[in-house]
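Colleague: I would like a close look at one part of this structure, taken slowly and with its surroundings kept in view. Please work from the coordinates.

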Amino acid sequence: MSTVAAPMPVPSRPAVPQGATLAGAMIGLATLATVLAGWIPVEFSIATVFLFAGPHNWFEARYILGRLPARAGKLFGFFALSFAGIVGLTLSFALLPSYLNSAASILDYATGYAIWNTAFILWIATLVQMRGNTNPRFDAGWVWPAAFLIVAGNWLQPYAFSMAVVYLHPCMALVILDRELKKSRPGWRPAYHGLLLLLPICIAILWFRLHDAPPLPGDDTLTSAIAMHAGDWFFSGMSNHFLVALHTFLEMVHYGVWVLVIPLIGIRTLPWKLHTIPAARRSANWRRGVALFLLIGLSIVLLLWTCFLLDYGTTRRIYFLAALLHVLAEIPFLLRVI
């Protein structure tokens with residue numbers, strides 16, 4: 001009597017832990033940013049702004065379009081105040097130095113920026129309150145005590161608030177990434193929260209390497225501008241070598257999240273495919289308008305690269321104003337997705 005041999009079991013591949021791809025990408029990004037920021041901070045700052053300043057704004061605009069509703073509805077007031085604040089605060093910040101330097105100015109620099117900071121804080125607080133009024137799951141009762149406490153601190157030291165915005169802004173991309181993971185990849189969030197521990201570790205590495213480093217070599221205009229933006233005029237007791245490295249590291253993390261991570265997780269389609277944008281589905285005219293908006297954005301990216309090649313120093317200074325516009329746009333969007 002013949003017997004048939006049982007088929008050999010095929011060994012199954014071990015399951016890939018959830019979030020492993022995200023972990024690999026973020027570990028690689030943080031490691032590369034730490035090494036380059038720690039060893040060649042000025043050159044790395046120039047390269048990151050040149051390569052990613054424009055594209056990261058475009059990817060963020062594309063992502064936000066995919067998350068905004070097609071119609072404002074009961075959030076019309078929220079969106080109207082958001083737009084008014086984004087435009088008004090950006091224009092006033094751009095014009096503030098000219099006014100403070102003019103003969104008509106009755107304010108010193110500290111007072112002028114304290115007033116602007118106060119308007120910025122109250123704008124955010126009002127948006128938080130409005131969001132709380134339209135979302136019963138969001139308790140906004142804490143916002144005004146916190147806002148007035150921050151306003152008081154701002155009047156004691158206006159420049160401290162400005163530096164806090166410079167160094168905390170890159171972290172907003174990490175918060176938005178967390179909200180996106182909660183929505184579309186909840187199984188990845190525990191791995192992501194563990195990965196956030198990389199940030200203090202990388203910052204500690206930069207500190208131990210550069211906290212007592214000599215000042216950055218070179219006194220050219222571009223190096224001085226990069227050091228000034230990193231706050232060497234404010235943190236007078238710290239090495240500007242460390243400050244530039246830290247700021248450049250945080251910038252690269254911010255750019256990497258917007259250019260690499262969020263498009264793969266949050267857009268989930270080719271960026272020029274408009275069917276995932278609610279406003280583009282309203283009508284043919286709206287679809288053409290959204291397409292035109294994205295094309296104009298790409299044109300601005302190309303123009304920005306051209307201007308960087310022609311005059312990097314001037315273009316970088318102008319871009320910092322665009323970066324403020326970018327910060328202001330992120331705040332209402334973050335409140336919208338909470």
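How many salt bridges does the structure hold? Please start from there and then follow the parts that are involved into the rest of the chain.

Modeller: The structure, which is a predicted model, holds two salt bridges. In one of them the side chains of Glu180 and Arg67 meet, with a distance of 3.1 Å from N to O. Glu180 belongs to helix 6 and Arg67 to helix 2, so this pair ties together parts that lie 113 residues apart in sequence. Glu180 is buried, its relative accessible area being 2%, where the cut-off for that word is under 20%. The other salt bridge joins Asp178 to Arg189, and the closest N and O atoms there are 2.9 Å apart. This second pair again links distant parts of the chain, since Asp178 sits in helix 6 and Arg189 in helix 7 (residues 189-195), eleven residues away. Asp178 counts as buried too, with a relative accessible area of 13%. As a general point, side chains of opposite charge can pair when their charged atoms come close.

Helix 6 therefore deserves a further look, as the home of both Glu180 and Asp178. Phe161 also has its place in helix 6, and at 15% relative accessibility this residue is buried. Leaving aside residues up to four places away in sequence, Phe161 touches Asn117, Phe120, Ile121, Ile150 and Asn154. Between Phe161 and Val151, which are ten residues apart along the chain, the C-alpha atoms are separated by 9.3 Å.

For the wider frame, the chain contains twelve helices and zero strands, and 43% of its 338 residues count as buried. Taken along the principal axes, the C-alpha atoms fill a box of roughly 110 × 55 × 45 Å. Among the contacts between residues at least 6 apart in sequence, 79% join residues that are at least 24 apart.

The open spaces can be taken in turn, beginning with the largest pocket, which has a volume of about 1,400 Å³. Its lining is made of 39 residues, and those nearest its centre are Ala61, Ile64, Ile86, Phe293 and Ala329. At least two lining residues of this pocket come from each of helix 2 (41-67), helix 3 (76-101), helix 11 and helix 12 (312-337), with helix 12 supplying the largest share, ten residues. By class, the lining of the largest pocket divides into 29 nonpolar, six polar and four charged residues.

The second largest pocket holds about 1,100 Å³ of space. It is lined by 33 residues, of which Phe93, Met163, Val166, His229 and Phe320 are the closest to its centre. Helix 6 (158-184) returns here, as one of the elements that give two or more residues to this lining, together with helix 3, helix 4 (109-134), helix 9 (221-229), helix 10 (240-267) and helix 12. The classes in the lining of the second largest pocket are 23 nonpolar, eight polar and two charged residues.

There is also enclosed space to consider, for the structure holds one cavity of 30 Å³ or more, and the volume of the largest cavity is about 90 Å³. The residues lining the largest cavity are Met26, Leu29, Ala30, Leu174, Leu195, Leu196, Leu198, Leu199 and Val253. Helix 1 (20-39) and helix 8 (198-210) are the elements that give two or more residues to this lining, and helix 1 gives the most, with three. By class, the lining of the largest cavity has nine nonpolar residues, no polar ones and no charged ones.

Finally, helix 11, already met in the lining of the largest pocket, can be described in its own right. This helix covers residues 284-310, which makes 27 residues, and it reaches 39 Å from its first C-alpha to its last, close to the 39 Å expected at 1.5 Å a residue. Within helix 11, the residues Val290, Leu294, Gly297, Val301, Leu304 and Phe308 are buried. An α-helix has 3.6 residues a turn, so residues three or four places apart point the same way.

Key: Residues numbered from 1 in each chain as written. Predicted model: local features only at pLDDT ≥ 70, side-chain atom pairs only at ≥ 80, totals over all residues. Heavy atoms only, no water. Helix = DSSP H or I, 4+ residues; strand = E, 2+ residues; numbered from the N terminus. Expected span 1.5 Å × (residues − 1). Buried < 20%, exposed > 50% of the residue type's maximum accessible area, 1.4 Å probe, protein only. 1 Å grid on protein atoms, 1.4 Å probe; cavity = no way out; pocket = protein on both sides within 12 Å on 5 of 7 lines; lining within 4 Å. Points joined across faces, edges and corners; volume = space filled by probe spheres on them. Nonpolar A, V, L, I, M, F, W, Y, C, P; charged D, E, K, R; others polar. Salt bridge = Lys/Arg side-chain N within 4 Å of Asp/Glu carboxyl O. Contact = heavy atoms within 4.5 Å.
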